[in-house]
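Reader: I am new to this structure, and I would like to learn how to read its features one at a time. Could you begin with a single residue and then widen the view?

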Amino acid sequence: MKANHGATLTISRALIYIFLVVLAIVTVIPIWLVLVNATRSTVEIQQGLSALPSTNLLNNYGILEGRGLNLGRGFTNSLFVAVCSTVLAVYFSLLTAYGIVVYDFRGKQVFTSFIILLVLIPMQLSIIGFYQYMSRLGLTDNYASLILPVIASAGAVFFGKQYFESVVVRDLIDAGRVDGAGEFGIFHRIMMPIAVPGAVTLGIFAFVAAWNNFFNAFILISSIKKYTLPMLVQLMRGDVYRTEYGAIYLGLAVTIVPIIVIYLIFSRFIVNGIAMGAVKE
Amino acid sequence: MAATNSHKTGFRFKKDYYGYLFIAPFIIAFLVFGLYPVYNTFRLSFTDTTLMGGAGDFVGLQNYTRLFATPQFMKAIGNTWLLWILNFLPQIGIALLLSVWFTSIRLKIRSVGVWRAIFYLPNLLMPAAIAALFFSLFSFFGPVNQALVRSGIMAEPVQWLQNQTVARGLVIFIQWWMWFGATIILIMAGMTSISVSLYESAMIDGADEGKMFRWITVPLLKPILIYVFVTSLVGGMQMFDIPFLLTDGRGSPSSSILTNNMLMYLKFSSAQGHIGAASSVGVLVFIMTSVIALGIFYFLREKN
């Protein structure tokens, strides 16, 4: 009886591992295709799928350049927008979260509930009003309209609140006050260094969100010099590139590789961070 | 001792107004970049403003009545719900199944962290790039046709993306593929926070795994399931990048993958730039999504 039970367990475990392997292959194949095909010529790609890279990376880059698609400039633009957004989102979200966690001011409960409410509201649907307002201010086709709104990121504040609730030490704050530090001095010099792991997690999500943001950039940015990578990806679907598969895959790879590198370095922060940002109440 | 304590509380109390200074930048940015655009979108939806013609006139509910009169609007709403539900159900199903396996003491699955890290990866990638990838894979001269024809499975290439079922199926697959890993992480976090002693006492009472899942795991997971459901719904109702870039940006074939946001964009990018009409799409979907999301969140949460 007992041996029989053990055998069923072994079989079900084996089946589960097979299932997991199949699912992992399904997960990785599209990504692998992009990376491998970025190094293959269009002729090679049309001859069939391959698991191994080839030697046409530079050639593919040349094709993109030759057709007027400036991948390097798109990369720099994306990097600029994503880095600025990350710095602002991390700093101001932690500032707001710290204010909620440490001080007992009137209206604090209402404000906190309001933050949760904002997480659950589809703010992107006000993009038309946002666009018209920005154009009145002369801020369309300007990165400010993409970057500045991240100062009010409700999800990031919620994450920061959860994080500070677990790391803030009241005695450290009081000790800082006794030493004559101002309230902002305490935040900058005592709490920020303690909050670095939380800031890293928050920063990764802010960076990825800004890096991948297509819709807002697509609506707000119009001159081709200012195009970010997702907008170049959209251009690559045009007729000029239609059959230049190697070049298209290279363009896609450029958007994906930095994110994969970040993930390989910080995956632990990321996986822990997702669960912490969830509204569990 | 008591004196020190009251001294401390008094000390802190005097500083509490600093809270307003700390949250002030958020509130200002929210008013300027969050609330005002929402108001502005509502305001524009009652006008016939165009990008070309400048400030338009007040036209009352005209944009709304026109919208309801066009079959395209109901089609977009229906499509968005369909594409969302059909990717959400398998997403939550697979995530629950894998979470049960990964947390099972009996199965002892190895390297859970590695599996989870692999499954989560697609969530971080640029949706626009993924859509462009599938567009190229399934295009007429693309690798899928090449492989199928060369291997003799098909006699000649097929226009995959001109088939409604294929186009919808691909949007659903991509959305599922990008999100099931994130859902696993959330559900596992919920499961590991359930006390082991509950399962132990249930086992003593003779409950099997199915019963324990039904009567312990699911009820205690409810808050996290509601969170996953509501955030996925809110995201799903704003679906844009993938259906927009998978075919021609107008929801082809025959508007089968035209979503709410794509319709809003089509009005915005029309020759005249009908931003009044585009705003009315935004307003209606905003109201529909907010009412349902907040309703589910607060109604189910209170009962808990």
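Author: Let us do so, bearing in mind that this is a predicted model. Leaving aside residues up to four places away in sequence, B:L221 touches B:I187, B:G190 and B:M191. B:L221 itself sits in helix 10 (residues 209-237) of chain B.

Reader: How far apart are the C-alpha atoms of B:L221 and B:M191?

Author: They are separated by 6.7 Å, although the two residues are 30 residues apart along the chain.

Reader: Is B:L221 buried or exposed?

Author: The way to decide is to count the other C-beta atoms within 10 Å, and a residue is buried if there are 20 or more. B:L221 has 20 such neighbours, and therefore counts as buried.

Reader: What does the exposed case look like, and where is B:K108 placed?

Author: A residue is exposed if that count is 12 or fewer. B:K108 lies in the loop between helix 4 (71-103) and helix 5 (112-120) of chain B, and it is exposed, with 9 other C-beta atoms within 10 Å. B:K108 also has a positive phi of about 45 degrees although it is not a glycine. In the loop between helix 4 and helix 5 of chain B we also find B:S111, which is not a glycine either and has a positive phi of about 50 degrees. B:S111 counts as exposed, with 10 C-beta neighbours inside 10 Å.

Reader: Which residues have the most contacts inside the largest nonpolar core?

Author: The general idea is that in soluble globular proteins nonpolar side chains tend to be buried together. Here the largest nonpolar core has 164 residues, and those with the most contacts inside it are A:Y98, A:L252, B:A129, B:I130, B:A131, B:A132 and B:L246. Helix 8 (residues 164-192) of chain B gives the largest share of this core, 15 residues. Domain 1 (2-63) and domain 2 (70-236) of chain A both contribute residues, so the core lies between them.

Reader: How many residues does each chain bring to the contact between chain A and chain B?

Author: Chain A brings 72 residues and chain B brings 77 residues. On the side of chain A that touches chain B, helix 14 (residues 245-276) of chain A gives the most, with eleven residues. By class, that side of chain A has 49 nonpolar, 14 polar and nine charged residues.

Reader: Where is the kink in helix 14 of chain A centred?

Author: The kink, of about 85 degrees, is centred on A:F266. The end C-alpha atoms of this helix of 32 residues are only 40 Å apart, short of the 46 Å that a straight helix would reach at 1.5 Å a residue.

Note on methods: Residues numbered from 1 in each chain as written. Chains lettered and ligands numbered in written order. Predicted model: local features only at pLDDT ≥ 70, side-chain atom pairs only at ≥ 80, totals over all residues. Contact = placed C-beta atoms within 7 Å. Helix = DSSP H or I, 4+ residues; strand = E, 2+ residues; numbered from the N terminus. Nonpolar A, V, L, I, M, F, W, Y, C, P; charged D, E, K, R; others polar. Expected span 1.5 Å × (residues − 1). Bend = angle between axes of the 7 residues up to and from the residue. Core = buried A, V, L, I, M, F, W, Y, C linked by C-beta atoms within 7 Å. Domains from an automatic or database assignment.
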